[in-house]
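This report describes how two chains fit together and how a shared sheet is built. Please look at the structure shown here before reading on.

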2 protein chains.
Amino acid sequence: MSVGEFDLIKRYFKQKTSLDESQSVASGVNVGIGDDCAILDIPDGYQLVVTTDSLVSGVHFFEDVCPYRLGYKSLAVNLSDLAAMGATPKWLSLAITLPNVDEQWLSEFSRGFFELANKYNVKLIGGDTTKGPLSITVSAKGIVPRNRALLRSGAQVGDLICVSGCLGDGALGLACKLGNQSVDNKSAFINALELTDPRNELGILLADYASSCIDISDGLVQDLQHILDASRCGAILAIDKLPLSQAMQLERNKQTLTVEQTLQYALTGGDDYELLFTISKRAYQQLCMHKAETTFSVVGEIVKDVEMKLKLTNGGQAVTAQYAGWDHFK
Amino acid sequence: MSVGEFDLIKRYFKQKTSLDESQSVASGVNVGIGDDCAILDIPDGYQLVVTTDSLVSGVHFFEDVCPYRLGYKSLAVNLSDLAAMGATPKWLSLAITLPNVDEQWLSEFSRGFFELANKYNVKLIGGDTTKGPLSITVSAKGIVPRNRALLRSGAQVGDLICVSGCLGDGALGLACKLGNQSVDNKSAFINALELTDPRNELGILLADYASSCIDISDGLVQDLQHILDASRCGAILAIDKLPLSQAMQLERNKQTLTVEQTLQYALTGGDDYELLFTISKRAYQQLCMHKAETTFSVVGEIVKDVEMKLKLTNGGQAVTAQYAGWDHFK
């Protein structure tokens, strides 16, 4: 069956965002899919926050990836960038390039995509469908009260360094998929890789407390360095304080992972999509009172350093180690 | 030489949009490239207008395409969508997937991209660089005074149907490149294909006069049908009134093109990126007085038709013909 481009877009992407008039006003979508552009209403006193991320077959995912998970993750990585700014996600554009029209695949992809979109009440407002090698580019747009966004450049000497959730599971999941690492409970780590939960609720909360923020997509060390460079300061990172999942601790206890491997995943593994933020000690106390159930850990402190370096400690003692993040072209 | 992703982005895309403070305020860019997201200021009383278009190697361009022209066109097709809404272009996101780091290629691509961006004073505010099969996705953002955007749905019975510029040159250029058509002055048509001039100045002007608008990317017949469907009306299109370039008229006169071929390109050829708009007869008179040098032609009239059909005439006489537009998956 030959399915035209317009039919395709309509069937899998338009119907799922059909809005009745009342929803349309609340969502800020003045004109959605179906014209040359979308038209969006930005509330007075807010700024627009925009990010764009591509997922390419063979680079970010395997060609035989479960389309449900691919749809989910292509959105999750973009929502994570909005979380890192403290922005409320609102709208999505989706540019998808497909080698052919596989309706089963499209159905599953859009199911994963909209499951996450609906969780955060984000609306698909346009995009493009093209024939070609499989790749997905999502542009996510959010709003933030004027001048309240979390930047990388706000860290101050004396601030605590915190991370949400646990570190390294995503990178370990990738290593399992590549056959580079053998562990007992593979699926726990592959789930962490493919069903990343973006930290948007925490990000919106942090806008009132944190001094700087970034999401960990390239690894803790590399992403912390971005904060140090932008804020022109140094940091001490306590490698004995890195939060590890129960699943990872279990593998370490069973010695399917060495301590060094665990550390390597936690320090340099990409694909965690946790929030890394700095916060004054006073604001940290307030944040802890505000939200009892928050899952974040203190892992270090911002220090004065004109060379903007990151130093590692273990049990309070300095350790030396070279760790590099993730870079496609290296 | 190994060039990291971050260096790449900085070298070819960041420096060319460096803004001093005064420019930054005027441009609406509160935070540009270099954080997790960009932050943009939308002026009070305006709406955000957003479009996304991908260009994929082997589909929208040949692998050996001149990178300068590719950079130019990947932006032009997006600006054209903003023109069709009557929006003022403001900001761009660029997601580019490259098989390898070719600095010469990147230099030329960015030169073409920024030449057009600077012409319209549009700022690159973010994006993504990935390794993979060559493809480019641009998301262009503009602003329009609240509720003043040109939609496809505003055409009224009795309105004139107009097109800007000339029709069919882009499609003929593509046919020349594919070796499907032999003409004397190939380069004129290949230039029309690859160095499309988006009609943003005209689009902004039309926001005060036209009743509906679309840009011709899939061919006149198919794009006019989108207006008819959205506006729930029919149309009469005078095929003897279609504006043809001097270059195309010359080929027809020399009989390197038949009359039927000329007509086919003008009616159904994609890649023109001219504006197709409807306008009341009264507003048309005002528009003509307002701008003496406008290059647009009246090619038909909107009529009442519950079946929303397009009828063709030649010298006032009905003609029958079946023409289809461009569809990647057909």
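The sections below cover the symmetry, the interface, the sheet and one helix residue.

## Basis and symmetry

The model is predicted. Two copies of a chain are, in general, related by a rotation about an axis and a shift along it. Here, a turn of 180 degrees with a shift of 0.0 Å along the axis lays chain A on chain B, and the RMSD is 0.0 Å. The two copies are therefore related as by a two-fold rotation axis. Both copies use the same surface, as 100% of the contact residues of chain A recur in chain B.

## The interface

On chain A, 56 residues are in contact with 56 residues of chain B. Strand S3 of chain A, residues 46-56, gives the most to the side of chain A that touches chain B, with nine residues. Sorted by class, that side of chain A has 25 nonpolar, 18 polar and 13 charged residues.

## A sheet with strands from both chains

Which strands make up the open sheet, and in what order? There are six strands, in the order S5(A)-S4(A)-S6(A)-S3(A)-S2(B)-S1(B), and their pairing is mixed. Strand S5 of chain A (123-131) and strand S1 of chain B (29-31) stand at the edges; each has a single partner strand, so one side of each is left without a neighbour in the sheet. From one strand to the next, the twist averages 25 degrees.

Strands of a sheet pair through backbone hydrogen bonds, either parallel or antiparallel. S3(A) and strand S2 of chain B (residues 38-40) run antiparallel and are joined by three bridges. In S2(B), Ala38(B) is the residue that Val50(A) stands opposite. S1(B) and S2(B) also run antiparallel, with two bridges joining them. Val31(B) stands opposite Ile39(B) in S2(B).

Helix H3 of chain A (residues 67-85) packs on the sheet. This helix touches S3, strand S4 (88-98) and strand S6 (135-145) of chain A, and its direction makes about 25 degrees with that of S6(A).

## Leu205(A)

Leu205(A) lies in helix H7 of chain A, which spans residues 200-206. Is Leu205(A) buried or partly exposed? Leu205(A) has 16 other C-beta atoms within 10 Å, and is therefore partly exposed. A residue would need 20 or more such atoms to be buried, and 12 or fewer to be exposed.

Leu205(A) and His290(A) are 85 residues apart along the chain, and their C-alpha atoms are separated by 9.3 Å.

Note on methods
Residues are numbered from 1 along each chain as its sequence is written. Chains are lettered from A and ligands numbered from 1 in the order in which they are written. This is a predicted model: local features need pLDDT of at least 70, side-chain atom pairs count only at pLDDT 80 or more; totals for chains, interfaces and linings use all residues. Copies are superposed by least squares on the C-alpha atoms of residues with pLDDT of at least 70 in both. Two residues are in contact if their C-beta atoms, placed from the backbone, lie within 7 Å. Helices (H or I, at least four residues) and strands (E, at least two) are DSSP runs, numbered from the N terminus. Ala, Val, Leu, Ile, Met, Phe, Trp, Tyr, Cys and Pro count as nonpolar, Asp, Glu, Lys and Arg as charged, and the others, Gly among them, as polar. Two strands pair if DSSP finds at least two bridges between them. Axes are lines fitted to C-alpha atoms, for helices over the stretch in contact, and angles run from 0 to 180 degrees between N-to-C directions.
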